[in-house]
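Thanks for making time for this. I would like to walk through one chain with you, going from a helix to ring pairs and then to the cysteines.

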Amino acid sequence: MPPNANSLCYEITNQQTKRTRQHNLETVLNEVLETALKEVCSLHVHARLPEFKLGLVQLAVGTSKGDNITRAVTMVKQAAAAGADMVALPECFNSPFGTGYFLEYAEPIPGPSTEALSKAAKENNIFLIGGSIPEKGSDGKLYNTSTIFSPDGTMIHLFDIDVPGKIRVKESDALSPGNSLTCFNTPFCRVGVAICYDIRFAELAQIYAQRGCKLLVYPGAFNMTTGPVHWEALQRGRALDNQLYVATVSQARDESASYVAWGHSTVVGPWGDVIAKADHEEKILYADIDLDRVEEVRTMIPLGTQRRHDLYKVVDLTESSQDPGDK
């Protein structure tokens with residue numbers, strides 16, 4: 001054996017021993033970190049409930065107000081039985097859509113429609129976004145009002161549209177504007193609600209995002225002119241702009257109605273991808289809302305920290321950012 005062989009063997013053995021100890025130490029540390037991470041994630045899940053099921057009721061609305069309410073309550077119950085934690089109804093769920101119907105179908109709040117929804121929410125233990133109804137206000141005016149159980153919210157804006165030679169709908173001929181924004185808290189996340197035409201205004205969705213909303217719900221009734229071109233594009237735009245979930249819930253299509261709804265209730269994810277979409281017939285659309293996905297997208301593309309607030313800003317001009325949902 002060469003003179004330095006023993007020293008060489010000792011050195012090799014010593015290095016191997018060090019590597020073995022280092023490997024064992026890394027293994028132990030990894031196991032400790034993995035266990036700690038699992039515990040943290042477990043606490044995180046129980047605290048935030050980062051996934052919940054949303055049900056959108058694409059209701060076939062007829063001329064009988066009583067039948068519309070009964071049918072809506074039945075489908076809400078079906079959605080809850082299927083595991084939905086939150087259920088949303090379409091715009092004007094108790095009334096055919098159109099200015100000629102609003103006065104006839106309008107009711108005060110509380111009234112038959114909202115009382116039925118309140119009961120349905122309690123019996124099924126769900127959050128219920130009551131689409132909208134024509135409300136007869138105490139001031140004698142008519143409002144297109146959304147109620148959330150619980151709590152409840154009101155209309156944000158009006159739907160005025162005039163496409164020459166195609167279709168003309170002017171809600172302001174019959175309805176009055178609201179003056180507040182509606183968002184509410186749940187154990188899952190904060191939710192913002194707006195009605196139909198409001199989805200065209202990117203600033204409104206940005207304010208909801210600034211208020212911490214991770215899901216925006218728009219009960220709406222786009223028609224056969226705007227629906228095919230704008231309905232999904234606007235939803236994906238609002239979702240991408242704000243990196244959150246956007247859900248739209250429409251009446252089912254009735255070809256014999258004076259106003260024919262596009263249907264196609266949809267849920268879009270924070271990546272701008274369509275994760276659930278109905279056709280035009282009556283049905284309940286379900287989607288799993290994974291809040292971890294919101295954080296994942298916002299981490300990949302950190303728009304919130306990269307906006308140039310020194311050059312531009314969207315400002316909330318409501319009297320107070322403290323709405324009923326903040327309490």
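Several elements help to cover the buried residues of helix H6, and they include helix H5 (202-210), strand E11 (213-220), strand E12 (245-250), strand E13 (266-268) and helix H7 (291-300). Please keep in mind throughout that this is a predicted model. The residues of H6 that are buried are Gly-227, Trp-231, Leu-234, Gln-235, Gly-237, Arg-238, Ala-239 and Asn-242. As for the geometry of the helix, H6 runs over residues 227-242, and its 16 residues, at 1.5 Å a residue, should span 22 Å, which agrees with the 22 Å between its end C-alpha atoms. After H6 comes Gln-243, and its phi is positive, near 55°.

Now to the rings. How many aromatic pairs does a search of the whole structure find? The search finds eight. One of them joins Phe-127 and Phe-188, with 6.3 Å from centre to centre and 75° between the planes, which makes the pair edge-to-face. This pair links distant parts of the chain, since Phe-127 lies in strand E3 (residues 127-129) while Phe-188 lies in the loop between strand E9 (182-185) and strand E10 (190-193), 61 residues apart. Both partners count as buried, Phe-127 at 18% relative accessibility and Phe-188 at 14%. Another edge-to-face pair is that of Tyr-197 and Phe-201, whose ring centres are 5.6 Å apart with the planes at 80°; here Phe-201 is partly exposed, with a relative accessible area of 32%. Coming back to Phe-127 and Phe-188, ring pairs link these two with Phe-52 and Phe-184 into a cluster. A ring also takes part in a contact of another kind, in that the charged end of Lys-53 sits over the ring of Tyr-286, 5.5 Å from its centre.

That leaves the cysteines. Why does the structure hold zero disulfides, if we take Cys-196 and Cys-213 as examples? The sulfur of Cys-196 has its closest cysteine sulfur in Cys-92, at 9.0 Å, and that is too far for a bond. For Cys-213 the closest cysteine sulfur is in Cys-183, at 4.5 Å, which is again too far for a bond, because a disulfide needs the two sulfur atoms within 2.5 Å. Both of these cysteines are nevertheless buried, Cys-196 with a relative accessible area of 2% and Cys-213 with one of 0%.

Terms used
Residues are numbered from 1 along each chain as its sequence is written. This is a predicted model: local features need pLDDT of at least 70, side-chain atom pairs count only at pLDDT 80 or more; totals for chains, interfaces and linings use all residues. Side-chain values use heavy atoms; hydrogens and water are left out. Buried means under 20% relative accessible area, exposed over 50%, partly exposed in between (1.4 Å probe, protein chains only). Rings of Phe, Tyr and Trp (its six-membered ring) pair if their centres lie within 6.5 Å; planes under 30 degrees apart count as stacked, over 60 as edge-to-face and the rest as tilted. Helices (H or I, at least four residues) and strands (E, at least two) are DSSP runs, numbered from the N terminus. A charge sits over a ring if NZ of Lys or CZ of Arg is within 6 Å of the ring centre and within 35 degrees of the ring normal. The expected span of a helix is 1.5 Å times one less than its number of residues. Contact means heavy atoms within 4.5 Å.
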